[in-house]
Amino acid sequence: MKLNRLFGPAAVTLLVFALASIALSQAPAYRISQPYSHKNLTIFLIHGRNETSKTNIITLPEALERRIFRVYETGDVNELTVENISKEFDVFIQSGDIVKGGKQDRVLAVSIIIPARSGRVSIDAFCVQSGRWEQRRGEDAKEFLSSNERLVTKDLKLAANGARSQQEVWNKVSEAQRKLSDNLGGSVAAEESKTSLQLSLENGKIAATTDEYVRFLSGITNGKTDVIGYAFAVNGQINSADIYVSNALFKKVWPRMLKAAAVEAVANSRGVRLADPVKADAVKGFLADADRGREKARPVSGSASIITREQNENVVFEARDEKQKLTVHKSYVKKN
């Protein structure tokens with residue numbers, strides 16, 4: 001109404017059109033690759049431009065292995081504290097990273113870059129091992145010293161990032177263990193702790209079965225310097241996609257993300273009757289539909305925030321660094 005009085009209807013129409021054009025021009029321009037398939041898993045590479053030129057970002061597993069990062073037990077199931085003690089490296093934590101140890105294994109529920117010399121930072125977490133609340137033999141009850149596995153199903157991603165429900169996370173851990181056990185011809189639950197997703201993912205049967213997928217598909221990124229993410233389909237159905245702030249970061253996370261996608265393919269491989277092959281245009285439509293969802297933001301730590309956009313069938317969780325005005329990571333999930 002105020003704009004109408006100041007400029008008149010025609011001018012307002014032109015202004016709205018101009019703003020919409022600017023928004024569209026600023027929207028990410030992604031190119032979706034041809035499909036790369038092995039058995040019931042199909043990967044699409046997502047090509048785009050880097051949002052940062054920083055090359056000092058390393059992953060949580062790298063940082064823990066180098067002993068330049070700490071993940072501390074707090075005694076609170078749904079919160080841990082982390083500390084980057086490096087003088088030169090920033091550390092990327094991705095929602096879905098599992099940390100092993102403490103009083104029980106946890107999954108970190110926020111994608112965030114922790115800067116060098118960060119001091120202690122609180123971070124949301126969920127338990128992926130019900131029952132244990134004590135030191136496990138040979139581990140440290142006060143710290144988590146490794147992070148070699150990830151959440152492996154889209155249902156677990158939705159439970160941790162969408163529903164944000166501890167009980168739902170436990171339910172989906174049990175479901176993932178059951179599916180893997182059924183398809184691998186024997187239980188993948190560890191005798192030491194049958195509820196531990198971490199220990200299940202260390203099972204030799206899973207490694208032997210997923211290795212074939214990884215060997216066949218790991219090289220599809222070779223020589224491609226503009227790949228910033230990937231999407232994948234299982235059994236001919238779009239499942240999830242992840243897009244990162246740069247090609248440099250994508251290359252670091254790619255081996256673990258491919259392994260997690262392969263585990264999901266194995267979990268859903270029994271009695272498979274494939275649907276029609278997924279096309280690149282369908283992947284592009286999946287991303288665009290989620291990005292059009294109604295926006296809901298929540299602060300998570302310091303200058304970091306999570307923006308959720310959700311439609312009936314698709315959702316995207318966007319991790320933002322408001323201080324640097326960067327989208328660090330976007331996690332897309334097909335809900336149905």
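The legends below describe close-up views of a predicted model.

**View 1. Helix α7 and its surroundings.**
Helix α7 covers residues 204–217, which makes 14 residues. From its first C-alpha to its last, α7 reaches 20 Å, close to the 20 Å expected at 1.5 Å a residue. At Thr 210 the helix bends by about 30°. Thr 210 is also one of the buried residues of α7, together with Ile 206, Tyr 213 and Leu 217. These buried residues pack against two strands, β1 (31–38) and β2 (41–47), and against the helices α5 (166–184), α6 (197–201) and α8 (247–267). The N-terminal end of α7 is capped by Asn 203. In this cap, a side-chain oxygen of Asn 203 lies 2.8 Å from the backbone nitrogen of Lys 205.

**View 2. A salt bridge between Lys 39 and helix α7.**
Side chains of opposite charge can pair when their charged atoms come close. Here the side chains of Lys 39 and Glu 212 meet in a salt bridge, with 3.3 Å from N to O. Lys 39 lies in the loop between β1 and β2 and Glu 212 in helix α7, so the pair ties together parts that are 173 residues apart in sequence. Lys 39 has a relative accessible area of 54% and is therefore exposed, the cut-off being over 50%. Glu 212, at 30% relative accessibility, counts as partly exposed.

**View 3. A salt bridge within helix α5.**
Lys 172 and Glu 168 form a salt bridge in which the closest N and O atoms are 4.0 Å apart. Both residues lie in helix α5, four residues apart, which is about one turn of the helix. Lys 172 has a relative accessibility of 18% and counts as buried. Glu 168 counts as partly exposed, at 29%. The structure as a whole holds 26 salt bridges.

**View 4. A network of salt bridges around Arg 136.**
Asp 105, Arg 132, Arg 136 and Glu 139 are linked in a network of salt bridges. Within this network, Arg 136 is bridged to Glu 139, and their closest N and O atoms are 2.9 Å apart. Arg 136 counts as buried at 5% relative accessibility. Glu 139 also counts as buried, at 18%.

**View 5. Thr 52 in the loop after β2.**
Thr 52 lies in the loop between β2 and β3 (57–59). With a relative accessible area of 14%, Thr 52 is buried, because the cut-off is under 20%. Not counting residues up to four places away in sequence, Thr 52 touches Val 245, Ser 246 and Leu 326. The side chain of Thr 52 reaches the backbone nitrogen of Lys 54 at 3.2 Å. Thr 52 and Val 328 are 276 residues apart in sequence, while their C-alpha atoms are 9.2 Å apart in space.

**View 6. Aromatic pairs and a ring cluster.**
A pair of aromatic rings is described by the distance of the centres and the angle of the planes. The structure has six aromatic pairs. One of them joins Tyr 244 and Phe 250, with 6.3 Å centre to centre and 45° between the planes, and is tilted. Tyr 244 and Phe 250 are both buried. Ring pairs link these two residues with Phe 92, Tyr 230, Phe 232 and Trp 254 into a cluster.

**View 7. The pair of Phe 286 and Tyr 332.**
The ring centres of Phe 286 and Tyr 332 are 6.1 Å apart and their planes stand at 65°, so the pair is edge-to-face. The pair links distant parts of the chain, as Phe 286 belongs to helix α9 (residues 280–291) and Tyr 332, 46 residues apart from it, to strand β17 (residues 326–334). Phe 286 and Tyr 332 are both buried.

**View 8. Glu 318 in strand β16.**
Glu 318 is found in strand β16, which runs over residues 314–321. At 7% relative accessibility, Glu 318 counts as buried. The side chains of Glu 318 and Arg 309 are joined by a polar contact of 2.5 Å. Leaving aside neighbours within four places in sequence, Glu 318 is in contact with several residues, among them Ser 305, Ile 306, Ile 307 and Arg 309. Thr 327, His 329 and Lys 330 are also in contact with Glu 318.

Note on methods: Residues numbered from 1 in each chain as written. Predicted model: local features only at pLDDT ≥ 70, side-chain atom pairs only at ≥ 80, totals over all residues. Heavy atoms only, no water. Expected span 1.5 Å × (residues − 1). Bend = angle between axes of the 7 residues up to and from the residue. Buried < 20%, exposed > 50% of the residue type's maximum accessible area, 1.4 Å probe, protein only. Contact = heavy atoms within 4.5 Å. Polar contact = N/O pair within 3.5 Å; in protein donor to acceptor, adjacent residues only side chain to side chain. Phe/Tyr/Trp six-rings, centres within 6.5 Å; stacked < 30°, edge-to-face > 60°.
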